[in-house]
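Thank you all for coming. I would like to take a few minutes to walk through one structure, starting with its interior and then moving outward to some backbone details.

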Amino acid sequence: MLSVAVIGYGYWGPNLVRNFASIKEARVAAVCDQRPERLESVRSLYPAVKTTTEYAEVLDDAGIDAIVIATPVSSHYALASAAFKAGKHVWLEKPMTAGAEEAVRLIAEARQARRLLHVDHTFIYTGAVRKIRELVAGGEIGDVYYYDSARVNLGLFQHDVNVIWDLAVHDLSIVDHVLGARPIGVSATGVAHVNGNHANIAYLTLFFKNSLIAHFHVNWLAPVKLRQTLIGGSKKMIVWDDLEPSEKVKVYDKGITLSDDDSVHKARIGYRSGDMWAPRIDATEALRDEAQHFAACVAAGKPTITDGYAGLRVVEIAEAATRSLDANGQMVRLELQKDAE
């Protein structure tokens with residue numbers, strides 16, 4: 001059984017503790033947070049779990065196998081690096097690090113320590129994304145033309161990152177996992193409406209070698225919460241609404257047909273409209289499946305599907321997108337890291 005310690009019991013920490021505590025493959029041995037009032041909540045819900053405000057106590061505990069880090073991104077590198085030095089496996093919240101240089105160093109440190117480095121790209125483990133990946137990989141929608149998403153809500157304003165690093169990283173990880181194509185460039189525009197704060201609204205475009213294009217709208221200042229994605233293919237199209245209680249994913253047999261017209265030497269565009277169907281989606285909580293996957297990979301000594309390289313690619317794009325945003329949308333070229341050999 002994998003023994004884990006959760007570092008950070010703020011917004012996401014309680015979800016991590018609850019899910020690791022619910023699976024038979026792991027147990028929560030400790031929770032660490034600098035705020036004693038948060039630890040009071042842990043003690044009331046999980047009396048058997050050790051609580052501490054000192055990270056060193058967790059690292060020195062030989063009975064703890066893995067460190068689950070849910071703290072601000074600026075602290076990720078230092079905490080994870082110390083965990084590897086202590087011989088622990090590491091689970092890092094998204095985004096992996098505050099920059100690509102730190103991410104590269106962590107991958108090297110994990111390899112040197114012979115420990116797993118996992119990045120919590122939670123959406124990869126949802127039933128919806130698993131189904132979409134299955135449809136794309138199986139050729140159900142044909143050649144993918146575009147990925148278009150809106151991920152907006154009112155808040156939460158982050159203090160240490162802009163809206164790209166907070167919300168767009170979800171879609172960046174999904175595109176990386178589902179489409180299996182690496183972008184060659186990114187362009188981003190955005191603005192901060194709060195003086196002295198980071199950009200709270202942004203528009204990102206990813207460019208690929210072929211005609212595939214991906215576009216993300218992310219916003220902390222919207223009157224409603226939207227989590228909608230369109231994926232268009234040469235055969236069919238997918239609509240994914242993550243806020244739908246049922247039928248989150250719908251597949252439309254709609255598209256265009258091209259026929260050559262020899263008389264005018266140009267293609268005629270026709271339109272095809274067929275049936276819509278909603279595939280069955282696994283309703284298991286994604287974080288539970290992810291926790292089980294992490295525990296199984298530690299036991300088997302193999303990387304998770306959202307390992308350090310997956311985390312690095314997302315950080316590289318977010319970093320380049322921020323440079324583009326600062327340059328008023330100028331495209332920044334990308335040469336993303338490959339998976340481990």
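Let me begin with a term: by a cavity I mean a set of grid points where a 1.4 Å probe fits but cannot get out, and its volume is the space filled by probe spheres set on those points. Please keep in mind throughout that what you see is a predicted model.

With that in place, how many cavities of 30 Å³ or more does a search of the whole structure find? The search finds one, and the space in this largest cavity comes to about 40 Å³. Its lining is made up of Phe123, Ser149, Ala150, Arg151, Asp171, Arg227, Gln228, Thr229, Trp240 and Asp242, and the elements that give two or more residues to that lining are β7, residues 144–154, and β11, residues 221–233. By residue type, the lining divides into three nonpolar, three polar and four charged residues.

I would like to stay with one of these lining residues, Arg227, whose place is in strand β11. Is Arg227 buried or exposed? Its relative accessibility is 13%, and because the limit for a buried residue is under 20%, Arg227 counts as buried. If we leave aside the neighbours within four places in sequence, Arg227 is in contact with Ala150, Arg151, Val152, Asn153, Leu167, Trp240, Asp241, Asp242 and Leu243. For one of those contacts, Val152, the separation is 75 residues in sequence, while the C-alpha to C-alpha distance to Arg227 is 6.9 Å.

The strand that carries Arg227 also has a partner that you can follow on the screen. β11 is joined to strand β12, residues 237–241, by five bridges, and the two strands run antiparallel. The connection between β11 and β12 is a hairpin that passes through three residues. Within this pairing, Gln228, which is among the residues lining the cavity, has Asp241 of β12 as its bridge partner.

Let me turn now to the nonpolar cores. The largest of them has 80 residues, and those with the most contacts inside it are Tyr55, Ile67 and Ile164. Which element contributes the largest share of this core? That is helix α7, residues 163–178, from which ten residues come. Apart from this core lies another, of 26 residues, including Val4, Val28, Leu39 and Ala70.

As for Ile67, once its neighbours within four places in sequence are set aside, it is in contact with Ala5, Ile7, Tyr55, Val58, Leu59, Ala83, Lys88, His89, Val90 and Trp91. One of those contacts, Ile7, takes us to another strand pair, in which β1, residues 2–7, and β2, residues 26–32, run parallel and are joined by six bridges. The bridge partner of Ile7 in β2 is Cys32. Strand β2 is itself mostly covered, with six of its seven residues buried.

In helix α6, which covers residues 127–137, the buried residues are Gly127, Ala128, Val129, Lys131, Ile132, Leu135 and Val136. Just after α6, Gly139 takes a positive phi of about 80°.

That brings me to the backbone, where a reminder may help: most residues other than glycine have a negative phi, and most peptide bonds are trans. Two residues other than glycine deserve a look in this respect. Arg114, in the loop between α5 and β6, has a positive phi near 55°, and it counts as exposed at 73% relative accessibility. Asn328, in the loop between α9, residues 308–326, and β15, residues 332–333, has a positive phi near 60°, and it counts as exposed at 71% relative accessibility.

Where is the cis peptide bond with omega near -15°? It runs from Lys94 to Pro95, and Pro95 has its place in the loop between β5, residues 89–93, and α5, residues 100–113.

I will finish with Thr284, which is found in the loop between β14, residues 266–277, and α8, residues 286–300. Thr284 counts as partly exposed, at 32% relative accessibility. In sequence Thr284 is 159 residues from Tyr125, and in space the two lie 9.5 Å apart, again from C-alpha to C-alpha.

How values were computed
Residues are numbered from 1 along each chain as its sequence is written. This is a predicted model: local features need pLDDT of at least 70, side-chain atom pairs count only at pLDDT 80 or more; totals for chains, interfaces and linings use all residues. Side-chain values use heavy atoms; hydrogens and water are left out. A nonpolar core is a set of buried Ala, Val, Leu, Ile, Met, Phe, Trp, Tyr and Cys residues joined through side-chain atoms within 4.5 Å. Buried means under 20% relative accessible area, exposed over 50%, partly exposed in between (1.4 Å probe, protein chains only). Helices (H or I, at least four residues) and strands (E, at least two) are DSSP runs, numbered from the N terminus. Contact means heavy atoms within 4.5 Å. On a 1 Å grid over the protein atoms alone, a cavity is a set of points where a 1.4 Å probe fits but cannot get out, and a pocket is an open set with protein on both sides within 12 Å along at least five of seven lines; lining residues have an atom within 4 Å of a point. Ala, Val, Leu, Ile, Met, Phe, Trp, Tyr, Cys and Pro count as nonpolar, Asp, Glu, Lys and Arg as charged, and the others, Gly among them, as polar. Two strands pair if DSSP finds at least two bridges between them.
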